[in-house]
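Biologist: I'd like to go through this one with you, piece by piece. Pull it up and let's start.

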Amino acid sequence: MSKWISVNDRLPNSFGWFLVIDEYLPSKEKQTMGFYECSDSLMWLPIDGRADSDSMKITHWMPLPEPPKE
């Protein structure tokens, strides 16, 4: 089982979708998905239709779980 990783400790090694904690979301809804684009700007893009990465404040992330085997 994956554990939350602080963005202060490290960032993902490649681009893709991750579970994230977004401090800009209301307190009970901070867990969401974000797309990490490993570019010079080190940006996270939201899944929920917000305009851009400036609308996110990611503090932690973790890889998505493996899909079911069936």
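Biologist: Which residues does T32 touch, not counting those up to four places away in sequence?

Modeller: A word on ground rules: this is a predicted model, so-called local features need pLDDT (the predictor's confidence in each residue, from 0 to 100) of at least 70, side-chain atom pairs count only at pLDDT 80 or more, and totals for chains, interfaces and linings use all residues. Residues are numbered from 1 along each chain as its sequence is written, and side-chain values use heavy atoms, with hydrogens and water left out. T32 is in strand β3 (residues 31-37), where helices (H or I, at least four residues) and strands (E, at least two) are DSSP runs numbered from the N terminus. With contact meaning heavy atoms within 4.5 Å, and residues up to four places away in sequence not counted, T32 touches F18, L19, V20, D22, L25 and I47.

Biologist: And is T32 buried or exposed?

Modeller: The scale runs like this: buried means under 20% relative accessible area, exposed over 50%, partly exposed in between, with a 1.4 Å probe and protein chains only. T32 has a relative accessibility of 14%, so the label is buried.

Biologist: Let's zoom out. What pattern does the protein follow along the sequence?

Modeller: There are zero helices and five strands to work with. Read from one end of the sequence to the other, the pattern is β-β-β-β-β.

Biologist: Where is confidence lowest?

Modeller: The protein averages a pLDDT of 82, and 81% of the residues score at least 70. Strand β1 (residues 5-6) has the highest confidence, with a mean of 96, while the lowest, a mean of 75, is in strand β4 (residues 43-46). Where pLDDT is low, the predicted coordinates should not be read in detail. So the answer on lowest confidence is strand β4.

Biologist: Which residues make up the largest nonpolar core?

Modeller: A nonpolar core here is a set of buried Ala, Val, Leu, Ile, Met, Phe, Trp, Tyr and Cys residues joined through side-chain atoms within 4.5 Å. In soluble globular proteins, nonpolar side chains tend to be buried together. The largest core in this protein has eight residues: I5, F18, V20, Y36, W44, M56, I58 and W61.

Biologist: Which strands each supply at least two residues of this core?

Modeller: One core member, W61, is found in strand β5. The strands that each supply at least two residues are β2 (16-22) and β5.

Biologist: Stay with W61. Which backbone oxygen does the side chain of W61 reach?

Modeller: W61 counts as buried because the relative accessibility is 3%. Among the residues W61 touches beyond four places in sequence are W4, I5, R10, F18 and W44. There's a polar contact too (a pair of N or O atoms within 3.5 Å; within protein, one must be able to donate a hydrogen and the other to accept it, and residues adjacent in sequence count only if both atoms are side-chain atoms). At 2.9 Å, the W61 side chain reaches the backbone oxygen of R10.

Biologist: How far apart in space are W61 and S6, C-alpha to C-alpha?

Modeller: S6 is found in strand β1 and counts as buried, at 13% relative accessibility. Ignoring residues up to four places away in sequence, S6 touches T59, H60 and W61. W61 and S6 are 55 residues apart in sequence, yet their C-alpha separation is 6.6 Å.

Biologist: Which backbone nitrogen lies 3.0 Å from a polar atom of the S6 side chain?

Modeller: Look in the loop between β1 and β2, where N8 is placed. N8 is exposed, with a relative accessible area of 72%. The backbone nitrogen at 3.0 Å from the S6 side chain is that of N8.

Biologist: T59 next. Which side chain does the T59 side chain join in a polar contact?

Modeller: T59 is in strand β5 (residues 58-63) and is buried, with a relative accessible area of 18%. Leaving aside neighbours within four places in sequence, T59 is in contact with I5, S6, V7, I21 and E23. The polar contact, at 3.0 Å, is with the side chain of H60.

Biologist: Last one: which residue forms a salt bridge with E23?

Modeller: A salt bridge is a side-chain nitrogen of Lys or Arg within 4 Å of a carboxyl oxygen of Asp or Glu, and a search of the whole structure finds one. E23 is partly exposed, with a relative accessible area of 35%. With the closest N and O atoms 3.7 Å apart, the partner of E23 is K30.
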